[in-house]
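Here is a friendly tour of a few side-chain and helix contacts, written with a modeller's eye. Please keep the viewer open as you read.

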Amino acid sequence: MFIPAAQSAYRTLRKTQPRVRLNSLFKNGYSSKVEYKPIRSVLVANRGEIAIRVFRACTELGIKSVAVYSEQDKMHMHRQKADESYMVGKGLPPVEAYLNIPEVIRVCKENDVDAVHPGYGFLSERSDFAQAVIDAGLRFIGPSPEVVQKMGDKVAARVAAIEAGVPIVPGTDGPVTSKEEALEFCKKHGLPVIFKAAYGGGGRGMRVVRKMEDVEESFQRASSEAKAAFGNGAMFIEKFIERPRHIEVQLLGDKAGNVVHLYERDCSVQRRHQKVVEIAPAPRLPTEIRDKMTEAAVRLACHVGYENAGTVEFLCDESGNFYFIEVNARLQVEHTVTEEITGIDLVQSQIRIAEGMTLPELGYTQDNIVPRGYAIQCRVTTEDPANDFQPNTGRLEVFRSGEGMGIRLDSASAYAGAIISPYYDSLLVKVISHASDLQSSASKMNRALREFRIRGVKTNIPFLLNVLENQKFLHGVLDTYFIDEHPQLFKFKPSLNRAQKLLNYMGEVLVNGPQTPLATTLKPALVSPHVPEVPLVTEPPKGLREVLVCGGPEAFAKEVRNRKELLLMDTTFRDAHQSLLATRVRSHDLLKISPFVAHKFNNLYSLENWGGATFDVALRFLHECPWERLEEMRKRIPNIPFQMLLRGANAVGYTSYPDNVVYKFCELAVQTGMDIFRVFDSLNYLPNLILGMEAAGKAGGVVEAAISYTGDVSDPQRTKYDLKYYTNLADELVKAGTHVLCIKDMAGLLKPEAARLLITAIRDKHPDIPIHIHTHDTSGAGVASMLACANAGADVVDVAVDSMSGMTSQPSMGAIVASLQGTPLDTNVDLRTVSEYSAYWEQTRTLYAPFECTTTMRSGNADVYLNEIPGGQYTNLQFQAFSLGLGDFFEDVKKAYREANLLLGDIIKVTPSSKVVGDLAQFMVQNNLTADQVLERAEELSFPKSVVEYLQGSIGIPHGGFPEPLRSRVLKDMPRIEGRPGAELKDLDFAQLKKDLKESHTCITDRDVMSAALYPQVTNDYLNFRDTYGPVDKLDTRIFLTGPKVGEEFDVPLERGKTLSVKALAVSADLKPNGIREVFFELNGQLRAVHILDKEAVKEIHVHPKANKSNKSEVGAPMPGTVIDIRVQVGDKVEKGQPLVVLSAMKMEMVVQSPLAGVVKKLEIANGTKLEGDDLILVIE
């Protein structure tokens, strides 16, 4: 409420003589002389937003403002907002600096200060401080020391309330200082009780106790908190009122004895007895109760001779009974909502009253004070609501506030670059909304909070938004149990924070190098591949997928068989880049060309784009979700069937899994967009194959059972894998119900004549089954072989677009298309379209130069007919040989591969069996072993794990059985697996796995669970990476691999309608003491900086180790803070849930409990150790 007459009178008074006598009329009719003395300067003995709040009031009144600050606050905004500022408590701990009364008085005396405002917290309720101010000849802006002492002493306050006829709650007669006294009171009066700090408030040192066994521990923790916050650990104990509303009445009193109330505030929304959201006036409070409550508050204030601002707090039960709790003889944090509904500036009023003005002179008579509308205050704190509201500290990387009509912000160091320390309260900014009714005020608050962007520390904004959208809150149905009884308030949609996470990723790359291992020293090209244009506004033409969707797998297979032309499957999206570029092609580049493929290649049999090695490589090296890749490709290519590689009972892994994992995988794959499952087994082991077929068929997919090809059916000397072997296998797969039959020639061993013989034989026996041929062009004969297959009756052959074909990839699409033009098998694919498609991949391939197979392989090589190395393995094996220092011996590795294969029994070689052969080959070369030596020394050699597991039977039984005596010599008495490896495995508990993942990660989906079922550690690492760095798949490939160049500007499209504009500015040359380098960017035109730990430089600097989140044996700090109590020693046995350490931060204490039972192996802390979040505390074995 703004009263012009009063303001005018005040300004006139300030211009007159320094001392003026005024007559003031008491409410009871008598008058008294009140001295008026203007205040010229005010020191605020506080910090943060309340200090700034007082400074602003001083500035508006023409009064000089003076700040004090601790060493730790030298960069804090409050000292910069004052006209003058002085350090206090040099060398003292952070809180104690502000509790140093002599220092504060010294600053006042040395700098011509007239008055001191205590703010709230710290010294605000210390009567000795008020007295010291007055004794120094200064004015204390607040109640008299006597009143501060009486109201701060909860026992004296209770006595005063009783004398004034104000209802009270049963409690102790005086402060309690020992746990024995606390226990005695609890036994006498019963539970529940509440412990409260006897010499302070604000929820510090407050505990509710409901069990007798918790009394002593709760008392110790509450007393310790109170001592840290207020300098005195004495406690007051009273009975705890169930389901109360917490309502407080704001008062103003002057030196003449006038007291008015400014109505009430509802502070019931609180946790840990700390207010979170405050409302004025209290909603749904009957007028008669409001009147009684405000009258009681005024009566108590008059009884004790209260002057200046203060608050009387009450508990109000469901029956309308209310009980006095305490008087806060100071300004409250939530005074803002009262200011909004009354229009009265409480801080200016405090100063005016301290000068000697009376309430009537200020225009503050009770009938003039009328509440208007509703105001809400939300305390935005740096606490993590998803982690039990633990304080979060660090640097504000981004700060953008919500503003607009009806919104007020009271803050201090809320700006980008500000450091949130663990030393003080976690309050960041108070947001106040004001509107005509509660719902409108809540709507404004909701909107404002959603506008906030705070990065670098976690805040409670998600929790506040949930409160504001709760229907009970919106209708004012509140009590102090509100938060406890609404667990849905703790269900948050985490902030994506994508922009800042991506900046952190790019900073990490610029400081510490590539985050995915590069195979060579070559760098990605500085190109932006041209994407051929297609009419995106029109739907792509229909393809074979329509037949599948409308008619199902059987109709699809029939249509394929009825087609006269040779159908093509394009492997460019999977096997081609697996063979040529180490499987490293990213979704980013696949999705760019997808619309073109959909519009121009609708007559393809299918697009091979998923499964096999691409699944784990996406997670492991590309840091992207393979499920999202599939989903996004399906959105862009709705018309072409997708095909994936399924390793039978191994799904897309390298080991056996429980059957329910394979079934669930196929089900989820179909739901995400997969159509055709090319099911194979690395040993052609039928039980494994059939399990995969059944899983794919049950999921609704097209089952394409694959026979893995090795040997040479055209060579009568090679009898192990002869024509009969393959035709018999085909019979079994057709009998098992395959929709399509595939020949999987993974090494490119199928020569043209062998192709003619094999396809003719199968076609003669199975005239109605579609036949699909997969090969690699390692020898250079791939095109000839595929043409031979087509002429012999194959329906589909695999090709890769020209610039991604040849060598260990598939035969050239353009070559097959051109060769069949004008023939009965004409593919009906336009060669010019192939050329456009190829041009894109020719440019894109240069982005993957670090993985380019031509670094080590210059051409095709017919020696594949000797070594039989699969195309997908050839280049990987070559890179692996280089990384092991065997680059100059790769010819030896290839020869050893042949010998290893024969040692193992001349087996089918495809992942994972090919890995077994490759591992053994490199083992032989590294140890300079011949095949004869391996056999002779088998009992003493330490073989690669994959070799041992193969011989145990972990991937199935090879055709012809295991090699003897090698198997017996290697395994000795090791266990062996008989039959299908996964048959005896217990079903995986997906629900438990999801629960476990949610303990460590946010936003866990069923897809993440499935990935974790297949690759537990790889998925865990990916999820950690995703949580830290966000959607790195949105970055251009060069920037993803090697980072942007300094000065480079580029866009990062996050989603439709949301694009980041980024410019890399600089990397700091200076290293901070903790090993951090600062990297500067411009994001959407605004300066952003990220702090990156230099992993090379930090090796020479001692930095406290971090706990490994995925290892439960390593106990990390749940919040930043200081160690104040260590409950265990090395060697101690601990039980799950046992207290280990007590931390203190932001005046809150937390007991760190053991996550498991065990023995303390290592302690990384001592009393007084200052920890950051996740710093290692101890290790339990």
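## Aromatic pairs

There are 36 aromatic pairs in this structure, which is a predicted model. A pair of aromatic rings is described by the distance of the centres and the angle of the planes. For a clean example, take phenylalanine 314 and phenylalanine 322: their ring centres are 5.4 Å apart and their planes stand at 90°, an edge-to-face arrangement. Both phenylalanine 314 and phenylalanine 322 are buried.

A second edge-to-face pair brings together phenylalanine 573 and tryptophan 841, with 6.3 Å centre to centre and 65° between the planes. This pair connects distant parts of the chain, since its two members are 268 residues apart. Phenylalanine 573 sits in the loop between strand E25 (567–570) and helix H20 (575–580), while tryptophan 841 belongs to helix H30 (residues 831–845).

Are these two residues buried or exposed? Phenylalanine 573 has 0% relative accessibility and therefore counts as buried. Tryptophan 841, at 1% relative accessibility, counts as buried too.

## An aromatic cluster

Rings can also gather in groups. One aromatic cluster is made up of Trp610, Phe615, Trp627, Tyr654, Phe665 and Tyr1015.

## Helices H33 and H34

Now for a helix pair. Helix H33 covers residues 890–903 and helix H34 covers residues 913–926; their axes come within 8 Å and cross at roughly 120°. H33 and H34 are therefore oblique to each other, and the crossing of H33 past H34 is right-handed.

Which residues meet where H33 and H34 touch? H33 contributes Asp892, Val893, Ala896, Tyr897, Glu899, Ala900, Asn901 and Leu903. From H34 come Ser914, Val917, Gly918, Leu920, Ala921, Gln922, Met924 and Val925. By character, the residues of this contact of H33 with H34 split into 10 nonpolar, four polar and two charged.

## A look at asparagine 901

One of the H33 residues that meet H34 is Asn901, and it is worth a visit of its own. Asparagine 901 lies in helix H33. Is this residue buried or exposed? With a relative accessible area of 4%, asparagine 901 is buried, because the cut-off for buried is under 20%.

What does asparagine 901 touch, leaving aside residues up to four places away in sequence? Its contacts are Glu868, Asp906, Ile907, Lys909 and Val917. Val917 is also among the H34 residues that meet H33.

Note on methods
Residues are numbered from 1 along each chain as its sequence is written. This is a predicted model: local features need pLDDT of at least 70, side-chain atom pairs count only at pLDDT 80 or more; totals for chains, interfaces and linings use all residues. Side-chain values use heavy atoms; hydrogens and water are left out. Axes are lines fitted to C-alpha atoms, for helices over the stretch in contact, and angles run from 0 to 180 degrees between N-to-C directions. Helices (H or I, at least four residues) and strands (E, at least two) are DSSP runs, numbered from the N terminus. Angles under 35 degrees count as roughly parallel, over 145 as roughly antiparallel, 65 to 115 as roughly perpendicular and the rest as oblique. A crossing is left-handed if the near helix is turned anticlockwise from the far one by less than a right angle, and right-handed if clockwise. Contact means heavy atoms within 4.5 Å. Ala, Val, Leu, Ile, Met, Phe, Trp, Tyr, Cys and Pro count as nonpolar, Asp, Glu, Lys and Arg as charged, and the others, Gly among them, as polar. Rings of Phe, Tyr and Trp (its six-membered ring) pair if their centres lie within 6.5 Å; planes under 30 degrees apart count as stacked, over 60 as edge-to-face and the rest as tilted. Buried means under 20% relative accessible area, exposed over 50%, partly exposed in between (1.4 Å probe, protein chains only).
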